[in-house]
Each structure stands twice: as C-alpha cells, then as structure tokens.
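Biologist: I'd like a close look at one strand and the parts of the chain around it. Could you walk me through it slowly, as I'm new to this?

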Amino acid sequence: MEDCDGEDIIETPELPLEIIVYILSFLHASDRKEASLVCQSWYNASQDHSFQKSVTFCFPASASSLELIRGLGTKSRCSLIISQLDGHSMSRSLLLEVGLCLGSKLESLALPGSSITEASLLNLLPRLTSLRRLDLRGLDSLFMSGAFLSREEHRLQVSSALCGLEELDLSDLRYLSDLTFNRITGCTPRLRRLSLAGCHIAFEFDPYRGCPVGAVEDSSALLSLRNLRRLLTEQKSTLKALDLSRTSITPESLRTVAQVQGLVLEELCLHGCKELTDYSVEMLVKHQPSLRRLDISACKELTNRSVEAIAQSLTSLTHLSLSHDWRITEKGLADLVSVSTLRSLDLSECLHVSGSEIVRGLTGSRAARAQLETLILKSCIYIRDLAVFSLTQLLGDSLRELDLTSCVNVTDLSVRAIATYLQRLVILRLGCCKEVTDWGLLGMEETAKCEHDQETGDKEPRFTRTFGNMGFFKPPRLLLLERPKLVTNNDLEQFKQQPGSSLLALSRLQELDLSACPKLTDSSITQVVRFPDLQCLSLSMLTEITDASLVSVAWHCRSLTSLTLSHCPGISDRGVEQAAPYLHRLHHLNLSCCNNITDRSLFVLVQHCKRLRTLDISRCRNISVTTVDLLQSQLPFLENVHYKLICGADPIQPSHFD
C-alpha cells in the first residue's frame, strides 16, 4: 500500500482478542475501564466473562435507564442496584424491561430507596430464574397491606423462579409479620444468608401463647421468635449466615437461636443488640463453635468475659468486630490474637485498649498467632508509639489495612514505623492524629526543635498581675499548641537524596486518610502523596496546604475516584483549574467550606470531570445556585449535589437534591 508521496505504509495487525484479555488481566478494574475506551476490540476484551464475576451496575430509575438495561441484555450475567423506583409508569416500564431483557441473566437485584407496588414486583420476580441474591430492605410499601404473595398462583410462580435464591435481605421492614415472612421464605427453600437487621421481632412476647406450630393462623401483626426458629429449623442444612443487628434480641432468645438442632452458622451479625450480656455470648460460642465471622459491636454490656470465651471456643474465627464495646479492656486480647485463623480485628472506640496485650499475644510462634490483614484501632486513645512500632514489626508480612484515626498519642515515630515495616499496606487512616507532622511523612528526623520563648528575669514561679487564668502562677506551656519546626528547602533536598522510610514506601496504597492533621503542609503532601493506584484520599481540615498540594496530588495520583478537601482555605479556583484535567476518573469530590472556590471551579469540573457522581460545595459562599443548576444539567452521572449555604441558596433548603 502507498500514500500520496509514494512511500509504503505498513498496517499494524490487530492483536487477537485472547492476547488483549491476557494483558487486561494484570490491570485493576478502574484501569481496565480506561483501557476499554481505546477502541472497539479493547472494549470487547474488557467485557470478557473472566472480568464480569462481581460487576454490579448501579443507577437511579430514569427514562435513560431503559437503554442501559437493553444494552446489558448482551451480557451472559449481571447484577443490578436500581434506586428511586416508585409506582409511576416509568418505574413499571423499567422493571418490565429488566424482566424481558435480563430475566434469565440477572444474579443479584437490590432496590434501595424505592417505593414500588406489589403488582410491579410480582410481574418481575417470576422472570428472574437465575437470581441468587434479592435485597428488599426498607421496601415497606410491599408489606404494609399484608397482601404480598397472598394468592396461591403468585406463590407458585415466584417459588419456581426463586428456588435457587441464596441470599435474602429483609432489613428495616417495619411491617414484616409472621404471615408475610412465611410467604416469602416459603418461596426460597435454599437460603444461605438471611438478614433481618432492624426488624421489629417479638423476642419476649409470644402472640400464640404456647400453641403448637400450625394450630393457629400466622400472625399478621408481629414477627415472632417462634416463627424465626421454625425457619432456622427448616433451612438448617443450607443456612450459614444470619444478621439480627439492631434488634431487641435478649440473652435467652439468642440462646434459643444458637441451640437450634443441626444449625451450623458460619457468620452472625449482632451489631447494636444492646440487651446482650457476657452470658449470651458464652452460650452462643458454646453451641455455634464453627462461627468464622462474628460482629458483636455496639453491645454495650459486653466485657472481657466475652473476649475470653470467643478466644477459647471459636478456633476457626477469621473476622471479629468489637467496636464501640466500651467496657472491653486489654484482658483476653492476647489469647484472642493467638487464634491462628484470625484475619480481621475491629477494636474501634474500645477506649481502654492500649495494644500491649495484642503485642504480647503476637510475640509467640508464627504458627500459633493471628496473621492479621485488617486492624482497626480508631479512637483507641491509649495507643502510643511503642505499641504501633511493635505491631508494625510483628504484622509486616500480613497487614493490609490499618486504621489509627483519632489515636491522639500517635506521632511521627509511628508513621516512620508504618512506612518501614508495612510496605504491603493498601489502606491507611491517620485522620485526627494531631501530632503527625511533615517530618513523619517525609521519614526524616526533625533537624532542630522549636526554640522556646526566652523568659527574662528569675526562672522560679512568679505571680501574675491578673487572675484571668484562675491561678496565681503563669500557666504551663501547652505542647499541643506548639508548632513544629518548618521544613526548609535544604531539608527537602536532603530528603530527595536519602532513601529514608517516608510514606513513599507504601507504593500499594489505594486509600489514605490524613484529615485533621493540622501540622501537615505542602512540604510533605507534594513530596510523598504520589501513589499511582490511590483511589480514595482525604485531606480535609489541613489548613496549611495550598493549591500546590492539590495540583501535585492530581498529577501523581491519577486513579483517584474520591477526593475530600473540605475546610481547606488554601484551595482556590487556580488549583482546581490545574488539577481537574488529571482527575477524569473522579466520582466523589468534597470542597465544602473552601471559601476561595467560585463558579469558575464548577465550569472546570463540567469540562473535565464527566464521571462525577457526588459533589459537596456546602458553605462555599462564592458559588451561585444558577451555576449549580448548570452543573447538574451538564454532568450525566451526577446524583447528589450538597449546596447548603452557598450564595443565594435558601438556608432551609435541603442540602442535596437528585
């Protein structure tokens, strides 16, 4: 082939689809999405079955969603989350289209924030013959009348379609009764997971007054413990996970559930069950020793007796949440982390935990201790540098997520230890660690301490002339108010020349929270927040950072999907204008209380951030409502805009709209 100048042009042959699929298999999902935009063949490769195992399409109900659903009809399988459905004709048409185009391909369906009619759902369910997960949480409109699935013909149709359903979520249904519960679970005989979180279950009241099952009609007013026990007995061979969070379950009721003959639970969630006691946990672990995941967070009455019982009985435990259990102390934690199968431990807001017993339990032989991948110590105010230093050394090979939010005694020493020993970390949260400075992020020793103000005259305590401080002597210096020595250009040159244990060593980070660390400045943010795979970043309430940090982050972290910059007065239109061209993957942006942001920034976002879904510009007083309206009309995926107290906004107006 020749061009107009007579020179030969060699056409590049297209790569086989299998080769492109192999190349894409090395990329993260967000990178594959970008690669799919290259050309048609790369798009086709990105739709390969091997990449579609856990893909869920989430969108609000709208007229434009009809085309999306028709397009999904080409896929072999898919999962949907459709929000804001109602009783109008458009919602009915949307559900009808789901049944027609995806009926035999849909594996999971959730309808959050919806208010659909019984007829709409009954027309859809018989078509969903491959459904494995159904989420009906909060759909009170279905159960308010008590007539859902009341006709035998409807139950037969739904039962035929949902015979393979494995997961059923009935959380937060205030009108769920024995009658409606039995109807829907009668159509799903092989459940593996059941959620009744937040439902009103009568644990202490028997509406049947001891009558045997079947002797009286099912209650249309209450969901009873007896009825729940009946279901557990009938489906004991398949049911492995149960969620009773935020219910009023009592110790005796939990014992009744745990003692169902033949029931072998692997997961149990009891978050916020405030009536539970140590006795109930002891009975639970005695009768259900196969539990692998247990959530007993926000159960205020639990103490270390529960921890000791769990450590002794649950030898296969992998995930445990004890967050907000304020009475738990160090006792028993050493035995707990000696459970070799434990992978995730949540101790957030366990205010008496210092970490010393966790360290002691982890110092045993490697085969006889937990290989923790997730450790949540949020608001454990007694956690100090020594504990963090020891934990990082002991968990360096396994830990992937570490949360030290609001651990106020954590300093730069902990940050350097994290950067040195936890180089496989994926998630790091250091929000509200007010003693963390630029030096810690840079992995450097502060070259000199802040010079104290020189006192003149006698150094002994002396009287003051006023009594404003309610004492006779000059008050002591508050260390928390002292500013660290600022990093100079010479210090940065030294940082660039030495390898050091800076935050740069955490090259695998995908989520980083540095919010409310007031001593951080541009000096460290611009030098170390350079993570190509970083997706979520929070720099809120960093009053010392400027546009330089925003531009640097955008340039070096191009995979960002969520960015929080609220209460950063140094961020302005200039920074947004320079950063936005590199943030085209951004889905969530928070600029609330950034007073130097104006309409100009919104115009830039319209131009470059086409995938934006949520935007918070509350209290940005230089932004007009007219520009917000324009923004929403121009960005097709934008769902929520929080704009409370912007220029011209009604102060009593809701802070978001869809």
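In strand 2, which residue is the bridge partner of Phe 59?

Modeller: It's Ile 82. Before we go on, this is a predicted model, where local features need pLDDT of at least 70 and side-chain atom pairs count only at pLDDT 80 or more, while totals for chains, interfaces and linings use all residues. Residues are numbered from 1 along each chain as its sequence is written, and side-chain values use heavy atoms, with hydrogens and water left out.

Now the strand itself. Helices and strands here are DSSP runs numbered from the N terminus: H or I over at least four residues for a helix, E over at least two for a strand. Strand 2 covers residues 78–83, and five of its six residues are buried. Buried means under 20% relative accessible area, with exposed over 50% and partly exposed in between, using a 1.4 Å probe and protein chains only.

Strand 2 has strand 1 as a parallel partner, with five bridges between them; two strands count as paired if DSSP finds at least two bridges. To get from strand 1 to strand 2, the chain goes through helix 4, and this β-α-β crossover is right-handed. That label means that, with the strands pointing away from you, the path from the first strand over the helix to the second runs clockwise.

Strand 2 also runs parallel to strand 3 (residues 106–110), joined to it by four bridges. One spot to find there is Ile 81, which stands opposite Ala 110. Here the chain travels from strand 2 through helix 5 (residues 89–102) to strand 3, in a right-handed crossover.

Next, follow the neighbours out to the largest pocket, which holds about 1,800 Å³ of space. It has 46 lining residues, and the closest to its centre are Lys 33, Thr 56, Phe 57, Arg 613 and Phe 637. Strand 1 (56–60) and helix 4 (65–72) are among the elements that give two or more residues to this lining, together with helix 2 (29–35) and helix 3 (40–46). On a 1 Å grid over the protein atoms alone, a pocket is an open set of points with protein on both sides within 12 Å along at least five of seven lines, a cavity is a set where a 1.4 Å probe fits but cannot get out, and lining residues have an atom within 4 Å of a point. Grid points are joined across faces, edges and corners, and the volume is the space filled by probe spheres set on them.

Sorted by class, the pocket lining has 15 nonpolar, 20 polar and 11 charged residues. Nonpolar covers Ala, Val, Leu, Ile, Met, Phe, Trp, Tyr, Cys and Pro; charged covers Asp, Glu, Lys and Arg; the others, Gly among them, are polar.

For contrast, try the closed spaces. There are three cavities of 30 Å³ or more, and the largest holds about 70 Å³. Its lining is made of 11 nonpolar residues, with no polar and no charged ones; Leu 550, Val 576 and Ala 579 are among them. The second largest cavity, at about 50 Å³, takes three lining residues from helix 16 (residues 385–394), its biggest contributor.

Finally, zoom out: the chain has 24 helices and 23 strands. Of its 658 residues, 50% count as buried, so strand 2, with five of six buried, is a nice covered piece to start from.
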